[in-house]
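Biologist: I am new to this structure and would like the reasons behind the labels, not just the labels. Please show it to me, and then I will ask.

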Amino acid sequence: FLCEWLSLVCCHTETMYIEENTYKNDMISLIFLLKEKVGALAKVLRIFEEKSINLTHIESRPSRVNKDEYEFFINLDRRNTPLLTDIIKTLRNEMGVTVHELSRKKKKDAVPWFPRTIQELDRFANQILSYGAELDADHPGFKDPVYRARRKEFADMAYNYRHGQPIPKVTYTEEEKKTWGTVFRELKTLYPTHACYEHNHVFPLLEKYCGYQEDNIPQLEDVSKFLQTCTGFRLRPVAGLLSSRDFLAGLAFRVFHSTQYIRHGSKPMYTPEPDVCHELLGHVPLFADISFAQFSQEIGLASLGAPDEYIEKLATVYWFTVEFGLCKEGDTIKAYGAGLLSSFGELQYCLSDKPEIQSLNLEKTAVQKYPVTEFQPVYYVAESYLKRNSCFHKSFCLFSFRRFASSIPRPFSIRYDPYTQRIEVLDNAKQLKNLAESISSEMGTLCSALKKIE
Ligand SMILES: [Fe+2]
């Protein structure tokens, strides 16, 4: 019981649903926070007593969030549900107690579970939809037992990875390095003319600091450390395919789930799934850009606790921007999507006159259907917001994305605290006051800096 509670720590949302089998059918569970004060718990319990409600289980512990508070976890019989609304109202409104109701079944207005701390991303490691070692019959490595065994090694490594550990370094084989070399060499010839400004800006830095060379496959650990110094983004190895909900949740913490294996050597210019070439050449350069990192994180933040249909929309937005996005630079169109920047064929195709190019319009883009195993028939181009290359033209994405994200129905607001690496649900006066103080301090810094520039 306690273990489950620990993983649900600080569930500040009013109603959450959690996985089956966690709670007994006939129980309702509540978590509430109380200030450390003599008689405080007795006062709360009296409210239940007045309604003749019997608590079947109670646990307490010091709050991890607020030092002067205690967290209480209680169970009560489901038959008491009709009285509960009044009790919660009394606790919240008259006594100022923070209460979280954990219901067992998914309800219409319930919020899906989401990670609240960066450590909780560890939960996804054993929630993968398909294990990396399982290949489809049409995969180039399907009939190669050596490749399959190698894929299992990578999958096991990622499966056992936990937040905070260094990402295991890999000794890549000569054949693997040869595959990387072919991809690296060919793509590099296209970047100056086809890749966006940000990609071309960061690429030489990756060559200088992270071992991006034709004869060397960079180590995820080195790249992750580099990204952390640029934007706070970090990589985390992943053993297989994650659900969209889990994958997007990682972005909320500026964590990118990355593969570490490489495609099969028989077809260096083709891979049916993301591999280390796709991650390192396609995704990594853009994650080093401040505005792009912000945009990616905001997609992740918008996904936390969002209803299923909005997860699908967000995954589609991600697809047409982070994976297959085009942008305007002056009068020309360039690629910033990782799926394009890591594919020699599609990078040329997307800027030819063959595909259909449309302006990015998130409401429309979010419901666009797309194929996953062939070149995209439609690409969306982000218009230049400021007609200058160096001012991140994809800021356009940010402004319109925020408008789009605000349409997602969610009964609470959240923010990411980079100091504690936690998601804060802003649902009480104290948190709002803390936030106001922090913004006020930042405003002071901004005003003072502005005055000095004048
Ligand atoms: Fe990708």
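Biologist: Why is Met-443 called partly exposed?

Modeller: This is a predicted model, and every value comes from its atoms. Met-443 has a relative accessible area of 44%. Buried needs under 20% and exposed needs over 50%. The value of 44% lies in between, so Met-443 is partly exposed. Met-443 sits in helix α16, which covers residues 429-453.

Biologist: What makes Ile-439, Met-443, Leu-446 and Leu-450 a nonpolar patch?

Modeller: A patch takes nonpolar side chains with over 30% relative accessible area and joins them within 5 Å. Met-443, at 44%, passes the area cut-off. Together the four residues have about 370 Å² of accessible area on the surface. An α-helix has 3.6 residues a turn, so residues three or four places apart point the same way.

Biologist: How many helices and strands does the chain have, and what share of its residues counts as buried?

Modeller: There are 16 helices and 16 strands. Of the 454 residues, 52% count as buried. The chain exposes about 22100 Å², with carbon and sulfur atoms supplying 54% of that area. Among contacts between residues at least 6 apart in sequence, 69% join residues at least 24 apart.

Biologist: Which residues does UniProt place under "binding site"?

Modeller: The unreviewed UniProt entry gives His-278, His-283 and Glu-323. They are spread over 46 residues of sequence, yet they cluster in space, with a largest C-alpha distance of 10.0 Å.

Biologist: How do you know that His-283 is buried?

Modeller: Its relative accessible area is 2%. The cut-off for buried is under 20%, so His-283 meets it. His-283 belongs to helix α9, residues 276-287. That helix is mostly covered, since 12 of its 12 residues are buried. His-278 is among these buried residues of α9.

Biologist: Why is Glu-323 called buried?

Modeller: The same cut-off applies: under 20% is buried, and Glu-323 has 12%, so it is buried too. Glu-323 is part of helix α11, residues 308-323.

Biologist: What makes Glu-323 and His-283 a polar contact?

Modeller: Their side chains are joined at 3.1 Å. The limit for such a pair of N or O atoms is within 3.5 Å, so the distance qualifies. Leaving out residues up to four places away in sequence, Glu-323 touches His-278 and His-283, as well as Tyr-318, Gly-337, Ala-338, Gly-339 and Leu-340. With its own neighbours within four places set aside, His-283 has contacts that include Phe-256, Tyr-318, Val-322 and Ala-338.

Biologist: What makes Glu-176 and Arg-150 a salt bridge?

Modeller: Side chains of opposite charge can pair when their charged atoms come close. Here the distance from N to O is 2.8 Å. A salt bridge requires within 4 Å, so this pair counts as one. The pair links distant parts of the chain, with Glu-176 in helix α5 (residues 174-194) and Arg-150 in helix α4, 26 residues apart. In total, the count comes to 17 salt bridges.

Biologist: Is Arg-150 buried or exposed?

Modeller: Arg-150 has a relative accessible area of 15%, which is under 20%, so Arg-150 is buried. Glu-176 is buried as well. Helix α4, where Arg-150 is placed, spans residues 145-159. The side chain of Arg-150 also has a polar atom 3.1 Å from the backbone oxygen of Thr-171. Beyond four places in sequence, its contacts include Val-170, Tyr-172 and Thr-173.

Biologist: How do you know that Lys-169 forms a salt bridge with Asp-222?

Modeller: Their closest N and O atoms are 2.9 Å apart, and the limit is within 4 Å, so the rule is met. Lys-169 lies in the loop between α4 and α5 and Asp-222 in helix α7 (residues 220-230), so the pair ties together parts that are 53 residues apart in sequence. Lys-169, at 52%, is over the 50% cut-off and therefore exposed. Asp-222, at 29%, falls in between and counts as partly exposed.

Biologist: Why do Arg-415 and Glu-424 get different labels, partly exposed and buried?

Modeller: Arg-415 has 25%, so it misses the under 20% cut-off. Glu-424 has 18%, so it meets that cut-off and is buried. The two form a salt bridge with closest N and O atoms 3.2 Å apart. Elsewhere, salt bridges that share partners join Arg-150, Glu-153 and Glu-176 into one network.

Note on methods: Residues are numbered from 1 along each chain as its sequence is written. This is a predicted model: local features need pLDDT of at least 70, side-chain atom pairs count only at pLDDT 80 or more; totals for chains, interfaces and linings use all residues. Side-chain values use heavy atoms; hydrogens and water are left out. UniProt positions are given in the numbering used here, feature names are shortened, and annotations may be inferred rather than shown by experiment. Helices (H or I, at least four residues) and strands (E, at least two) are DSSP runs, numbered from the N terminus. Buried means under 20% relative accessible area, exposed over 50%, partly exposed in between (1.4 Å probe, protein chains only). Contact means heavy atoms within 4.5 Å. A polar contact is a pair of N or O atoms within 3.5 Å; within protein, one must be able to donate a hydrogen and the other to accept it, and residues adjacent in sequence count only if both atoms are side-chain atoms. Patches are made of residues with over 30% relative accessible area and no salt bridge: like charges are joined within 9 Å, nonpolar side chains (Val, Leu, Ile, Met, Phe, Trp, Tyr) within 5 Å. Accessible areas come from the Shrake-Rupley method with a 1.4 Å probe; for residues, only the protein chains shown count as cover. A salt bridge is a side-chain nitrogen of Lys or Arg within 4 Å of a carboxyl oxygen of Asp or Glu.
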